[in-house]
Amino acid sequence: MNPRQMNKLAALAATAAGAAGVVVARRRAGARGVDHRRPVQGSPLTGRPRTVETEDGLALSVVEHGAQDSATATVVLAHGYVQSSALWAGQVRDLIDARPDLRVVAYDHRGHGRSPRTPRDRATISQLGRDLARVIEAVAPTGPVILVGHSMGGMTIMALAEEHPGLVGERVAAVAFVGTSSGGLAEVTYGLPAPVAALMRRALPRLNARNVKAELAGRARHVGALDARMIFPRGADRELVATALEVHRACSAETVAAFLDTFRGHDRVHALQALSHVQTLVVVGDKDALCPVAHSHAIAAALPASELVIYPGVGHMVHLERREEVSRRLVGLVDRALARELAA
Amino acid sequence: MVGSGFAGIGTVVNLKKQGVDDVVLLERADSVGGTWRDNTYPGCACDVPSHLYSFSFAPNPDWSHVFSRQPEIRAYLERVTDEFGVRPHLHTGTDLLSGTWDDDALLWRLETSRGPLTADLLVSGCGGLVEPAYPDVPGIESFQGPAFHSARWDHDVDLTGKRVAVIGTGASAVQFLPEVQKQAAKVVLFQRTAPWVVPRHDRVISDAERALFRRVPALQSAARGGIYWLRELNLLAFTRGGRLRAAAEKQARKNLEGAIADPALRAALTPDYTIGCKRVLLSNTYYPALAQPNVEVVTSAVAEVRPHSVVDGDGVEHEVDVIVYGTGFRVMDIPLAHRLTGREQHTLAQEWAKTGAEAHRGTTVAGFPNLFLLLGPNTALGHSSVVFMIEAQIAYVMQALAALDRYGARALEVRRAAQDAYNVELQTQLDTTVWNQGGCRAWYRDVNGKNFTLWPTHTFTFRRQTARFDGDAYELRSAAATKEYV
């Protein structure tokens with residue numbers, strides 16, 4: 001990461017969390033000049049930053065919010081590919097507003113946000129699952145844990161369930177899968193005609209390699225309309241798009257390239273077995289081009305006790321586009337899970 | 001399905017057409033008809049031409065008048081109930097006592113006067129004009145003679161030779177007053193606000209015409225279309241004003257001046273606000289009746305009711321034998337709203353106490369999943385037939401059902417942000433209409449002046465908006481263990 005990017009990231013680190021919240025709250029002038037946003041309640045987000053060391057010695061950036069030692073439960077938020085914990089800001093705020101007794105933890109995957117880069121051979125979903133295990137052990141040594149994963153973050157939870165069924169069995173009270181997939185990503189056509197998607201898929205590795213080279217030469221990776229098209233539907237709120245793209249821009253070309261391969265091998269429907277005893281929530285936008293709605297149906301089908309929530313007209317960034325509603329569902333999940341823990 | 005008026009009957013017909021057969025139609029009274037069963041006062045008739053004020057799927061070539069009388073409309077609804085197979089679904093004498101949304105099972109748990117029920121979907125066909133409203137004055141209970149509301153007309157009371165107080169000058173009073181005047185020894189009319197009254201161009205529809213309509217249905221639909229488009233054109237008088245509004249005022253003034261010679265009475269009956277602000281009334285007999293010697297018009301609100309008299313705003317006591325309240329309805333304050341508890345554990349009435357009565361597309365309310373309100377907030381009309389609005393809403397409900405199937409979901413709930421955006425735009429549109437700007441206090445608006453009843457523009461705009469299910473405005477859910485997959 002070059003110094004300019006570092007600066008940018010630092011700036012983002014300071015403001016992004018708040019910014020995402022503010023952006024959501026800001027009055028939006030729609031096509032008819034209609035304002036339908038409600039102001040966000042509560043104080044600006046101030047978290048307690050810390051690091052958690054991975055098995056290969058990387059210091060992952062972790063921020064804890066809300067209750068400390070006396071927390072009734074810990075919610076861990078895992079973000080998606082090419083994103084960062086900054087995009088969970090809305091949910092962090094909503095969760096601690098609704099339940100101040102929660103400890104809410106957002107962390108950056110290796111190679112993302114404020115966490116350091118990863119060696120290429122460890123840029124895998126399995127590794128992310130092991131990283132998550134480390135995070136849980138560090139931030140929530142005791143008490144119930146609720147895991148929330150968007151996109152690659154959801155896959156990370158599946159990898160954790162696969163490799164640490166014991167940890168999941170003992171500690172995890174609930175899981176939310178947001179705009180994610182349990183496999184079959186190689187067949188996704190991004191809402192494009194299949195041949196175009198295939199072409200794009202073939203071109204991506206070369207494009208990524210070129211971007212990495214350019215980055216080494218000090219040139220920034222281009223992030224623009226095409227990236228926006230992949231994660232947002234047409235007509236999405238411009239400020240939300242800008243917020244998300246800003247985070248995308250801050251992600252290094254190296255990380256983009258490093259993690260690309262791991263998705264093809266992601267096939268973890270069987271891993272969901274380990275979650276059959278916990279409360280689960282599956283959330284998806286029906287215009288999700290990266291993890292289509294059918295993938296969420298598949299996850300829900302594998303988890304008979306899950307609640308499936310669909311937002312028509314919404315893309316991959318469902319937690320941004322439907323911040324209020326997704327947060328409410330998460331709070332509902334936490335309530336249900338903790339009520340059950342209490343009863344048990 | 002709650003309530004068996006136009007909305008309830010129309011919904012069941014359409015559900016059956018879509019192959020949804022597990023439907024119960026709850027009716028607290030002992031027969032169908034809703035408003036057209038409850039309002040039996042003398043002279044009760046529709047003020048929208050019947051060829052328009054009827055179901056598009058059940059044209060009636062046999063309407064006897066342009067503006068049908070209540071018994072004929074009620075008979076029409078009975079007939080539709082039979083002809084379209086609604087009767088087997090009908091449970092009369094079944095009052096919905098309470099309904100609670102179960103957010104885990106994703107269904108409504110209902111208590112009725114005849115036992116419990118669960119429902120995946122709950123449709124209210126209650127409309128907004130259900131519960132009679134009475135003036136908030138002391139002594140109403142102390143009155144010793146017969147007293148009743150026009151929507152609960154007591155036909156056992158013979159008004160012949162009696163002194164009758166008529167309180168209110170709304171759409172009902174204008175219709176029953178001329179009938180009462182013929183019988184009573186004396187009528188004292190208490191008028192808070194003078195209404196605008198235009199002539200009713202009613203006539204008998206001849207046998208030949210009816211035969212023609214029967215033989216050539218296309219002619220009847222053409223007639224219906226003609227009435228429809230004329231009324232949409234008329235809407236501009238309400239929304240824009242201009243020459244159309246001026247012409248309507250002129251017509252109403254002529255109606256008044258032609259019947260009332262006494263300048264003092266004429267002045268008392270001349271409205272002090274723009275025409276259209278309150279409902280424009282249609283009558284050829286109201287003014288002539290008021291000109292009769294046995295009618296006294298009191299131009300102040302009622303201040304008090306005593307055992308044998310009514311006291312007006314100036315303190316004058318009027319001795320009467322009977323009181324008839326033509327004081328309208330508790331608008332949108334429907335019993336159902338007090339009986340339904342939503343996802344957030346409060347009733348619809350409590351929700352509306354916070355925001356004023358509001359819904360998305362007049363039909364769905366945030367916090368109340370799988371509930372549809374026909375003739376909900378801002379679906380009433382000042383210019384045309386609400387049956388058209390009901391049918392548009394029914395289409396919306398059908399689209400919503402189809403969407404649930406398509407997504408394999410069990411519950412849908414409108415997002416609060418979407419509902420808010422819809423209502424902000426609606427209120428902006430209403431701001432410039434005569435209903436909000438005409439300088440009157442009408443039942444169209446609540447105590448805060450917010451117009452919560454009227455649809456602000458053309459009815460075809462509403463139909464277009466409700467023709468498609470706007471999924472973006474919703475959250476769809478399937479509960480644990482009840483999922484079905486597509």
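Student: How do you know that S13(B) and strand S14 (residues 309-312) of chain B pair?
Tutor: Two strands pair if DSSP finds at least two bridges between them. S13(B) and S14(B) pair in the antiparallel sense over 4 bridges, so the requirement is met. Glu304(B), for instance, has Val311(B) in S14(B) as its bridge partner. This is a predicted model, where local features need pLDDT of at least 70 and side-chain atom pairs count only at pLDDT 80 or more, while totals for chains, interfaces and linings use all residues. Residues are numbered from 1 along each chain as its sequence is written, chains are lettered from A and ligands numbered from 1 in the order in which they are written, and side-chain values use heavy atoms, with hydrogens and water left out.

Student: Why do S13(B) and S15(B) stand at the edges?
Tutor: The open sheet has 3 strands in the order S13-S14-S15 (chain B), with antiparallel pairing. Strand S13 (302-306) and strand S15 (317-319) of chain B each have a single partner strand, so one side of each lacks a neighbour in the sheet. From one strand to the next, the twist averages 25° (axes are lines fitted to C-alpha atoms, and angles run from 0 to 180 degrees between N-to-C directions).

Student: Is Arg215(B) buried or exposed, and how do you know?
Tutor: Buried means under 20% relative accessible area, exposed over 50%, and partly exposed in between, with a 1.4 Å probe and protein chains only. The relative accessible area of Arg215(B) is 67%, so this residue is exposed. Arg215(B) belongs to helix H5 (residues 207-215) of chain B; a helix here is a DSSP run (H or I) of at least four residues, and a strand is a run (E) of at least two, numbered from the N terminus.

Student: What puts the buried residues of H11(B) on the same side?
Tutor: In helix H11 (residues 348-355) of chain B, the buried residues are Leu348(B), Ala349(B), Glu351(B) and Trp352(B). They cover an arc of only 155° around the axis, so they lie on the same side of H11(B); the arc is that of the directions from the helix axis to the C-beta atoms. On the other side of H11(B), Ala353(B) and Lys354(B) are exposed.

Student: Which elements do the buried residues of H11(B) pack against?
Tutor: They pack against helix H10 (335-339), strand S17 (340-341), strand S18 (371-373) and helix H13 (416-431) of chain B, where contact means heavy atoms within 4.5 Å. After H11(B) comes Gly356(B), with a positive phi near 80°.
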